[in-house]
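Subject: Handing over the structure, with notes on what was found

Dear colleague,

I am passing on the structure we discussed, and I would be grateful if you could read through the notes below with it open beside you.

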Amino acid sequence: MPCHRFHAVQARIACAVAEAGRDAAAVRLLAVSKTFSAAAVRDLAACGQRAFGENYLQEALDKQAALGDVPLEWHFIGPIQSNKTRAIAGHFSWVHSIDRLKIAERLSAQRPAGLPPLQACIEVNVSGEASKGGVAPGELPALAEAISKLPGMQLRGLMAIPAPTPDVLKQRAAFRQVREQFDALRARGYVLDTLSMGMSGDLEAAILEGATIVRVGTALFGERNHLG
Ligand SMILES: *Cc1c(COP(=O)(O)O)cnc(C)c1O
């Protein structure tokens, strides 16, 4: 059953979408393939998965080179250093992890002219979560305003990585904070359609709170054995 994990994740998404009373097409699955091989990506692509997320640039570029014959959509979801922006701008369709203007400006300026604008999410910090990056709520409006003017980038929405917790009510409270920031930006007139939130352990809670992209690694590929 080479696609059993894929079908199980699809079923989890479908269940949560139904429970939320949302449209089945409203939630996309982003397969997070960090630490897994190009062969593992190829196998999942053969099941029908198209969008893959990577955290580490060199690892991603190596996989992309090995998979040039497969039509895939690549999303960068890891921390972004200034010296990596040119390669990210040239080799990805989406970037989920923008947390400062300087990085967004570089990505926009370095986006190759022949490609559509880079599809972008701002990573927001969920309160109570000190270890992860992301923009504080107070800084979000100004950053969204500046990014929305960049020609090489299309701002699509927000991304968040709340602290893992088995408590579903806490999961939902964190995702709700993100959605409220998203709704506030939309109320200011920004045309945003993407809430990138929810992972293997909390995708149901994220979908109930409005996620439109869930980023799933472990539930699709198995446990990651090494830190990366
Ligand atoms: C690794 C990672 C994921 C996937 O996490 P799982 O718990 O394995 O599903 C999602 N988003 C980001 C930003 C990640 O780094």
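The notes that follow go from the ligand to the cores and then to single residues. Please keep in mind that this is a predicted model.

The ligand

The shell around the ligand is made up of Val32, Lys34, Asn55, Ile77, Ile161, Met199, Ser200, Arg215, Val216, Gly217, Thr218 and Arg224, and by residue type it divides into 5 nonpolar, 4 polar and 3 charged members. Three side chains of this shell can be described in detail, beginning with Ser200, where a side-chain N or O atom is 2.5 Å from an oxygen atom of the ligand. For Asn55 the corresponding distance, again from a side-chain N or O atom to an oxygen atom of the ligand, is 2.6 Å, while for Arg224 a polar side-chain atom lies 2.8 Å from a ligand oxygen atom. Taken alone the ligand exposes 390 Å², and the protein buries 89% of that area.

The nonpolar cores

The largest nonpolar core has 66 residues, and within it Leu107 and Ile122 touch the most other members. Separate from this core there is another one, of 9 residues, which includes Val32, Ile77, Met159 and Ile161; of these, Val32, Ile77 and Ile161 are also found among the residues that surround the ligand. Beyond its neighbours within four places in sequence, Ile122 is in contact with His96, Ile98, Val135, Leu140, Leu143, Ala144, Ile147, Leu155, Gly157, Leu158 and Met159.

Leu107 belongs to helix H5, which spans residues 101-110 and whose buried residues are Ile103, Ala104, Leu107, Ser108 and Gln110. These buried residues pack against helix H4 (85-91), strand S4 (94-98), strand S5 (118-123), helix H6 (140-148) and strand S6.

Strand S6

Strand S6 covers residues 153-159 and contains Arg156, and Met153 has its place in the strand as well. Met153 counts as buried because its relative accessibility is 5%, and, leaving aside neighbours up to four places away in sequence, it is in contact with Ile98, Ala104, Leu107, Ser108, Pro117, Leu118, Ala120 and Ile147. One of these partners, Ala104, is 49 residues from Met153 in sequence, yet the two C-alpha atoms are 7.9 Å apart in space.

Arg156, for its part, has a side chain that makes a polar contact of 2.6 Å with the side chain of Gln119. Not counting residues up to four places away in sequence, Arg156 touches Trp94, Gln119, Ala120, Phe182, Leu192, Asp193 and Thr194.

Helix H1

Helix H1 runs over residues 4-20 and includes Val9, and Phe6 is placed in this helix too. Val9 is buried, since its relative accessibility is 2%, and, with neighbours within four places in sequence set aside, its contacts are Leu29, Val216, Ala219 and Leu220; Val216 is also one of the residues around the ligand. Although Val9 and Leu203 are 194 residues apart along the chain, their C-alpha atoms are separated by 9.5 Å.

Phe6 likewise counts as buried, at 5% relative accessibility, and, again apart from neighbours within four places in sequence, it is in contact with Leu29, Leu44, Cys47, Gly48, Gln49 and Leu220. Gly78, by contrast, lies 72 residues from Phe6 along the chain, with 23 Å between their C-alpha atoms.

Two further residues

Gln64 is found in helix H3, which spans residues 57-66, and this polar residue is buried, with a relative accessible area of 12%. A polar atom of the Gln64 side chain lies 3.0 Å from the backbone oxygen of His91, and, outside the four places on either side in sequence, Gln64 is in contact with Trp74, His91 and Phe92.

Thr35 sits in the loop between strand S1 (28-32) and helix H2 (38-47). Most residues other than glycine have a negative phi, whereas Thr35, which is not a glycine, has a positive phi of about 70°. Thr35 counts as buried because its relative accessibility of 19% falls under the 20% cut-off.

With kind regards

Definitions and conventions:
Residues numbered from 1 in each chain as written. Predicted model: local features only at pLDDT ≥ 70, side-chain atom pairs only at ≥ 80, totals over all residues. Heavy atoms only, no water. Core = buried A, V, L, I, M, F, W, Y, C linked by side-chain atoms within 4.5 Å. Buried < 20%, exposed > 50% of the residue type's maximum accessible area, 1.4 Å probe, protein only. Contact = heavy atoms within 4.5 Å. Near = heavy atom within 4 Å. Polar contact = N/O pair within 3.5 Å; in protein donor to acceptor, adjacent residues only side chain to side chain. Areas by Shrake-Rupley, 256 points an atom, 1.4 Å probe, with all protein chains shown as cover. Nonpolar A, V, L, I, M, F, W, Y, C, P; charged D, E, K, R; others polar. Helix = DSSP H or I, 4+ residues; strand = E, 2+ residues; numbered from the N terminus.
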